[in-house]
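This briefing covers the salt bridges, the overall fold and the domain interface of one chain. Please keep the sequence and the 3D structure open while reading.

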Amino acid sequence: MEFQKNIIITGSTSGIGLGIAREFAKAGYHLMLNGLEANGAEIAEALGKEFGVKTLFSPANMLKPEEIQAMVQTVEEQWGGVGVLINNAGVQYVSPVEDFPESKWDLIIGVNLSSAFHTSKAVWKGMKERNFGRIINITSAHGLRASAFKSAYVAAKHGVTGLTKVLALEGAPYNITCNAIAPGYVRTPLVEGQIKDQAKAHQMTEDEVISKVMLAKQAVKEFVKIETLAATAMLLASPSSSEITGATFPIEGGWSAQ
Ligand code: NAD
């Protein structure tokens, strides 16, 4: 069934989302890419050419439900349905709670948490009708554990962990699964920004932030590889993975083992 290989990945024109998109394109999936990067359409076209798959690009802002609905509708109309949805778009801001700007709180909750509700709601009816859906939420070790100075991010990611479980329960009768992947630190543009912000917040050098703050919590003292995340997503997206649902897969070097 061809629609099972149609995938929407939010925030897929940078970092983890782009890396996962590449692996899915390699595996023959047709991709709807999304993100705020100005060269999104070119990225989508290049991936399509390189791997011989269909690609689309939507600049839908994850803060705007009507833009999210339009993105989903495009895939429904042009390709006959959405098989897999990966909620990956995310933003970060690091600050002590007393200085945390209200606008940053709203932004982080909107992009990292509410958008996963809006995208899932938008694909739900079609997935239910076709009796197939695979929803994968890229949460974080911060969906399972907390760190100082990340009030909005930790709250949003814990929220998505909860949403994952609810969608798993509601989707079960319709062969819609929903799982989360919780990465540790992955060296992407988002983390490069955090290294700088954390250096300021903790009053440390950037190297000290990497070793004493970021990787300190992982038993495995290495940044997580995007390939490992993509391989996990590939397993969860598979039609044969119908009994894996409601789970969070920590890919974080043993962070939450402690
Ligand atoms: P990134 O900054 O490289 O990519 C984020 C993507 O989200 C970009 O394509 C950006 O355009 C998009 N995006 C941001 N705001 C958007 C909006 N309003 N509408 C549409 N798209 C928007 O970051 P990344 O490190 O690849 O992070 C991807 C996901 O992985 C995020 O959810 C992040 O929280 C999560 N994560 C990252 C790490 C890490 O160490 N990098 C660890 C755990 C979890």
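The salt-bridge rule gives a count of seven for this structure, which is a predicted model. The chain has two assigned domains, domain 1 and domain 2, and zero salt bridges are found across the interface of domain 1 and domain 2. The points below are grouped by topic.

**Salt bridges**

- Seven salt bridges are found by the rule.
- One such pairing is between the side chains of Arg-130 and Glu-76, with an N to O distance of 3.3 Å.
- Because Arg-130 belongs to helix 4 (residues 102–130) and Glu-76 to helix 3 (residues 65–79), this pair ties together parts that are 54 residues apart in sequence.

**Overall fold**

- Eight helices and seven strands make up the secondary structure of the chain.
- The radius of gyration of the chain is 18 Å, close to the 18 Å from the globule rule for 258 residues, so the chain is as compact as a globular protein of that length.
- Along the principal axes, the C-alpha atoms occupy a box of roughly 55 × 40 × 35 Å.

**Domain layout**

- Domain 1 consists of 2–184 + 224–250, and domain 2 of 185–223.
- The centres of domain 1 and domain 2, taken over C-alpha atoms, are 24 Å apart.

**Domain interface**

- Contacts involve 18 residues of domain 1 and 14 residues of domain 2.
- About 1200 Å² is buried between domain 1 and domain 2, with 61% of it on carbon and sulfur atoms.
- On the domain 1 side, Val-94, Gly-184 and Val-224 lose the most area to domain 2, and together they account for 38% of what that side buries.
- The rule finds five residue pairs in polar contact across this interface, both residues at pLDDT 80 or more, while the salt bridges there number zero.
- Helix 1 (15–26) and helix 8 (226–237) are the elements that give two or more residues to the side of domain 1 that touches domain 2.
- By class, that side of domain 1 has nine nonpolar, seven polar and two charged residues.

Key. Residues numbered from 1 in each chain as written. Predicted model: local features only at pLDDT ≥ 70, side-chain atom pairs only at ≥ 80, totals over all residues. Heavy atoms only, no water. Domains from an automatic or database assignment. Contact = heavy atoms within 4.5 Å. Buried area = accessible area lost by both parts, 1.4 Å probe. Salt bridge = Lys/Arg side-chain N within 4 Å of Asp/Glu carboxyl O. Polar contact = N/O pair within 3.5 Å; in protein donor to acceptor, adjacent residues only side chain to side chain. Helix = DSSP H or I, 4+ residues; strand = E, 2+ residues; numbered from the N terminus. Nonpolar A, V, L, I, M, F, W, Y, C, P; charged D, E, K, R; others polar. Rg over C-alpha atoms; globule rule 2.2 N^0.38 Å.
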